[in-house]
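Dear colleague,

Please find the structure below, handed over for your study. My notes follow it.

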Amino acid sequence: MSDNQNLRQAALHYHEFPQPGKLEIRATKPMANGRDLARAYSPGVAEACIEIKADAANAARYTSRGNLVAVVTNGSAVLGLGNIGALASKPVMEGKAVLFKNFAGIDCFDIEVNESDPEKLADIVCALEPTFGAINLEDIKAPDCFIVEKLCRERMNIPVFHDDQHGTAIVVGAAAKNALHVAGKGFDDIKIVSTGGGAAGIACLNMLLKLGVKRENIWLCDIHGLVYKGRTEDMNPHKAAFAQDTDLRTLDEVIDGADLFLGLSGPNVLKPEMVAKMADRPIIFALANPNPEIMPDVARKVKPDAIIATGRSDFPNQVNNVLCFPFIFRGALDVGATEINDEMQVACVEGIAELARATTSAEAAAAYKGEQLTFGADYLIPKPFDPRLVAVVSSAVAKAAMETGVATRQIDDMSAYKQKLNQTVFKSAMLMRPVFEAARAAARRIVFAEGEDERVLRAAQAILEETTETPILIGRPEVIESRCEKLGLDIRPGTHFQIVNPENDPRYYDYWNSYHRLMMRNGVTPDIAKAVMRTNTTAIGAIMVHRGEADSLICGTFGEYRWHLNYVSQMLGGGNYAPHGALSLMILEDGPLFIADTHVRVEPTPEQIAQTVIGAARHVRRFGLEPKIALCSQSQFGNTPCDTGARLRAALELLDDKRRDFVYEGEMNIDTALDPDLRARIFPSSRMEGAANVLIFAHADAASGVRNILKMRADGLEVGPILMGMGNRAHIVSPSITARGLLNMAAIAGTPVTHYG
C-alpha cells in the first residue's frame, strides 16, 4: 500500500472511530434528579426566558449564546476540492468547530446549507442570529462570499467574519510585517505583485493597504493576466479597485523589481526566471495548496536570500488561518462585539507578529520538536500550538473593540483577563496563582541540577520573566550558551543566571571538602568526594543548598527518583529535616486532586502516614485550598482485615491524639472518598463533608498507580511531586516533566515554608 493510500485509510479511520465525526454535545449542568429537571426545564426555565425577554443582553448570562459560534457554508469552494456541495463539506466544518474549541474554548456548531443563491443564503444566516454570538462564514465561492458577508454584516448585530478572506489576510499581514522587518524594508515603499483575484487574494491586498502599502504599488494578476484599467474580461468591482493604468499585461512583465510576491492562485505560476527579476531579498508568499506557485528550493536556487512562506506544514512559515480565527472570535465574544472591524483585524495582525518576535514558548517547542523556532527568515509567524496566542491576540482584539466603540461589555482589568485566558491553555494557571504570588514576594535562589536540559533552559527563561527568583544552572557553559542560542532564548549564562561548571569551577575545592566532611563516616574518601563533585550534579546542587549558596534544589529530569533522594537526604537531611512523602497535585477536568505518598516510602508505618497527612494539609493550603484528606485502602471503615487498612487505622489514631485544623477521614475506598452520597450511606457519621481533595495511601504502588492512571487516562496534569519534610530545600521531579512543570516547581520551591513542610 502506498503512502497516499495509508494516509487515506488513516484519515477515514480517524473520522469513523470510535464514533463517527469529530464533535459531540455535552451538558454543562447536572440532570440527576427531579430538582435538576425542574430548574433546567419546566417550570424553572421560564425565569431565564423572562429575564432575556426583558433585556436581550441577558442571553449571554443565562444561555450558551455568548460563547457559541456558527460555522456556515454552502460547500461551493471547499479547500482544494471546489464546489463539492454542502453535505460533502461537513467534515471540514466539523474540523473548524474542533479548532474553535481546542484553541480558544469556543463552542461551535457547523451548519451546512443547501443554498447557492447568495442573497437567500444571507437570509438564512441572518435568521440564525438569536442562536449564536458570532458567525464564521466558510468556503463560499467568490464573488458570492462578498455578497453574503456584506448583507449579513449590514443586517446582523453580531460579528460576521468570512475566514477565507479575513483570516488569511490577517495571517498574511502578520507574516508580511515580520518579513519586511527581517528584510529591512517598509510597507510604504514596497512593490507587490499578486496572483489570484479571489476572495482571499482581494482581502489580503486590502489588509496590506491598511498596513501602509500604497495602492499604486500593487499589481494584481489573475488567470487572464494583469488587472488593468479598461479590462472587461472576468472583472468585478473588487478586482477593479486594483486595476493599473499601464500597457503591461503579463505576470512576467510586472514582476520586475517586485519586493513581495503574494500568490493565492495555483501551482507553478511563479517561474524561476521571474524570481530572478525580483528585488534583492525578495519576499515570496506562495500560498497555493497543496502545490505552491513555486517550491521554496526552486526559488532559493535563483534568490538564495529570499524570504519564503507557503500554505504547507512541511515548510517553514506556514500561513495558517488557525493563528487567527479562534482568537479574534474569542476577543470579540468576550466583549460582546457587534462586529469585527478593521481596527480589531489590525490588532490581530500586530498581536500575531509581536508573538513571533518574542521568545518561543516551551509548549510550542515541544509540539514542533526539531524545528528551529527563532525569529528570522524561517520563523516569521508563531506556530498554531503556541499557547500564548489566546492571551496575546484575544486581548489585543478585545482592547481594539472597546477602543472603537463596538464592544457592548467592558473588560476593566486587562491583566486579569489575560490570566483567565491563560487558564484555558495552562490548566495549572489558576491553582498556581497563589503559589506564584507568594514566590514573587520572596527572592530565592533555585539551583537546577540538570542545567543543560532544554526544559530547564526554557524554565529558566520563564522564571526570569515571571518571578523574582534567581535560577542557578549546573552544566557546561559552552553547552548551555549554544543551546540557549539554538533555542532562540534571550537568556545567557553569566549575564542572566549563574552557572556551576562541574568540569572547572573555582568552588570545586570547597564543594568536595564540604561533601567529604558530611560523608566521611559513611565510607566517602577524599578521592570519592572529588569524583562525586565532578560528576554528580544532584550532589553538587545539594551541597550548594547545604552551604547556603542556593535556597532550593530541583533535580530529577532524568534518572530514578530514589537515586536522587539518596543524595538529597544525605546532604540536606538531619535535624528537623527528613523526607516524609511525595505529594502530587493532579489537575483534572472537574478540579484538583492531591495524591500521596507516590515516591518516598514504599510501605510507610502509621507514624509516617500521619506525617504525610500533616505535610499534605500544609502544602494543599499553599494553593489556597482547604484540605479534605481521605486515607484510602481496600478496607472500608474496618470491614477488611488487611495490612494497609490496619496501618491507616493506626495513623488515624495518631492524628486523633491532637486537635487538627483540617479534615481527615478513613480508612475507605477511593470511590467512597470522592462520592459523598456513597459515603453517607456507608458511614453516616463521617466527619468529612463533600468530596475529598487529598488521597493518602499506605503503599507507594497504590499511590503511584492512581497518579499514573490519572495522567494517562484522565488527561490529568501533574504539578509535582512535591517533596515534603525538607523545608522546601529540595524537590525531585519526574523525567516526564515539562518546562511549564519545572516553572511550577520553581514557584513552589521559591516560596519559604514553615514547620518543615
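The notes below cover the domains, the aromatic rings and the cavity.

This is a predicted model, in which local features need pLDDT of at least 70, side-chain atom pairs count only at pLDDT 80 or more, and totals for chains, interfaces and linings use all residues. Residues are numbered from 1 along each chain as its sequence is written, and side-chain values use heavy atoms, with hydrogens and water left out.

The domain assignment, automatic or from a database, gives domain 1 (35–158), domain 2 (166–315), domain 3 (322–424), domain 4 (439–572) and domain 5 (581–724). Between the C-alpha centres of domain 3 and domain 4 there are 36 Å.

Rings of Phe, Tyr and Trp (its six-membered ring) pair if their centres lie within 6.5 Å; planes under 30 degrees apart are stacked, over 60 edge-to-face and the rest tilted. Ten aromatic pairs are counted by this rule. In one of them, Phe161 and Phe329 meet edge-to-face, at 5.6 Å centre to centre and 85° between the planes. Both Phe161 and Phe329 are buried (under 20% relative accessible area, with exposed over 50% and partly exposed in between; 1.4 Å probe, protein chains only). Ring pairs also join Phe161 and Phe329 with Phe100 and Phe325 in a cluster.

A charge sits over a ring if NZ of Lys or CZ of Arg is within 6 Å of the ring centre and within 35 degrees of the ring normal. Lys530 lies over the face of Trp512, 4.8 Å from the ring centre. Arg534 lies over the face of Tyr508, at 3.6 Å from the ring centre.

Yours sincerely
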